[in-house]
Amino acid sequence: MALSFSTLTDAIAQYTGLSPAAFFTIVAVMVVAYKVVCGMFVAAEDYAAVKKANEYAAREPVQLGDVTEEELRAYDGTRPDKPLLMAIKGNIYDVSRSRMFYGPGGAYALFAGRDASRALALMSFDSRDLTGNIDGLSASELEVLQDWEYKFMEKYVKVGQLVAQRTRIESAEGGDKLHDS
């Protein structure tokens, strides 16, 4: 038995009490709502990838203690097995939970693994300003830097501090020891 269009529209009106236009509009809205709600959730196969990408964001920050600028560069976000670190005024903060900003491809990625004090004070993205040297900054620039430091102190965990260099000294037992200077 073949249904004609008029038979279908009559059946819709009879069973739903709606006009065919209203019925199909409601069906279309329900399909769109279903697609939107389904799109809000991560697919099961993607969950493992998301979990791995956010592994350091969920971990407790590891206290590093004294670190040289050269050692800090290893924490620039290029290695997923290491936390993402950044320094301000010699204090090192774990910014792993803001990987989308400070990690590779992020807006502030060039600050990761560095002491970005001067760049933050000047609000500069110039690579020459990626240094902890704040000599010659004006009072207002130092105030901007202090505001950045307060924000980092509130939001991130301090995990260490920068030291100028490590030197080897001979210990009494005959072995080398590292000493911060």
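The following exercises, each with a worked solution, concern the fold, cores, surface and backbone of a predicted model.

Because the model is predicted, local features need pLDDT of at least 70 and side-chain atom pairs count only at pLDDT 80 or more, whereas totals for chains, interfaces and linings use all residues. Residues are numbered from 1 along each chain as its sequence is written, and side-chain values use heavy atoms, with hydrogens and water left out.

**Exercise 1. Fold and strand pairing**

Determine the secondary structure of the chain and the sense in which β4 pairs with β1 and with β3.

Solution.
1. Helices (H or I, at least four residues) and strands (E, at least two) are DSSP runs, numbered from the N terminus. The chain has eight helices and six strands.
2. Their order from the N terminus is α-α-α-α-β-α-β-β-α-α-α-β-β-β.
3. Two strands pair if DSSP finds at least two bridges between them. Strand β1 (residues 65–68) pairs with strand β4 (residues 157–163) in the parallel sense over four bridges; Thr68 has Val163 in β4 as its bridge partner.
4. Strands β3 and β4 run antiparallel and are joined by four bridges. Asp94 stands opposite Val157 in β4.

**Exercise 2. The nonpolar cores**

Identify the largest nonpolar core and the elements that give two or more residues to it.

Solution.
1. A nonpolar core is a set of buried Ala, Val, Leu, Ile, Met, Phe, Trp, Tyr and Cys residues joined through side-chain atoms within 4.5 Å. Buried means under 20% relative accessible area, exposed over 50%, and partly exposed in between (1.4 Å probe, protein chains only).
2. The largest core contains 17 residues, and Met86, Ile88, Val95, Tyr102, Phe111, Leu120 and Phe152 have the most contacts inside it.
3. Two or more residues come from each of β2, α7 and α8; the largest share, three residues, is that of α7.
4. A second, separate core has eight residues, among them Val67, Leu72, Ile92 and Leu162.
5. Contact means heavy atoms within 4.5 Å. Leaving aside residues up to four places away in sequence, Phe152 touches Met86, Ile88, Tyr93, Val95 and Tyr102.

**Exercise 3. A nonpolar surface patch**

State which residues form the nonpolar patch on the surface, and classify Val37 by accessibility.

Solution.
1. Patches are made of residues with over 30% relative accessible area and no salt bridge (a side-chain nitrogen of Lys or Arg within 4 Å of a carboxyl oxygen of Asp or Glu); like charges are joined within 9 Å, nonpolar side chains (Val, Leu, Ile, Met, Phe, Trp, Tyr) within 5 Å.
2. Val32, Val36, Val37, Met40 and Phe41 form the patch, with about 530 Å² of accessible area together (Shrake-Rupley method, 1.4 Å probe; for residues, only the protein chains shown count as cover).
3. Val37 is found in helix α2 (residues 20–39). Its relative accessibility is 44%, so Val37 counts as partly exposed.

**Exercise 4. Positive phi and loop residues**

Locate Lys89 and Met123, give their phi values, and compare the setting of Ser124.

Solution.
1. Lys89, although not a glycine, has a positive phi of about 50 degrees. It lies in the loop between β2 (85–88) and β3 (91–94) and, at 35% relative accessibility, counts as partly exposed.
2. Met123, also not a glycine, has a positive phi of about 55 degrees. Met123 lies in the loop between α7 (117–122) and α8 (139–155) and counts as exposed because its relative accessibility is 61%.
3. Ser124 is likewise in the loop between α7 and α8, but is buried, with a relative accessible area of 12%. Beyond residues up to four places away in sequence, Ser124 touches Phe111, Ala119 and Asp129.
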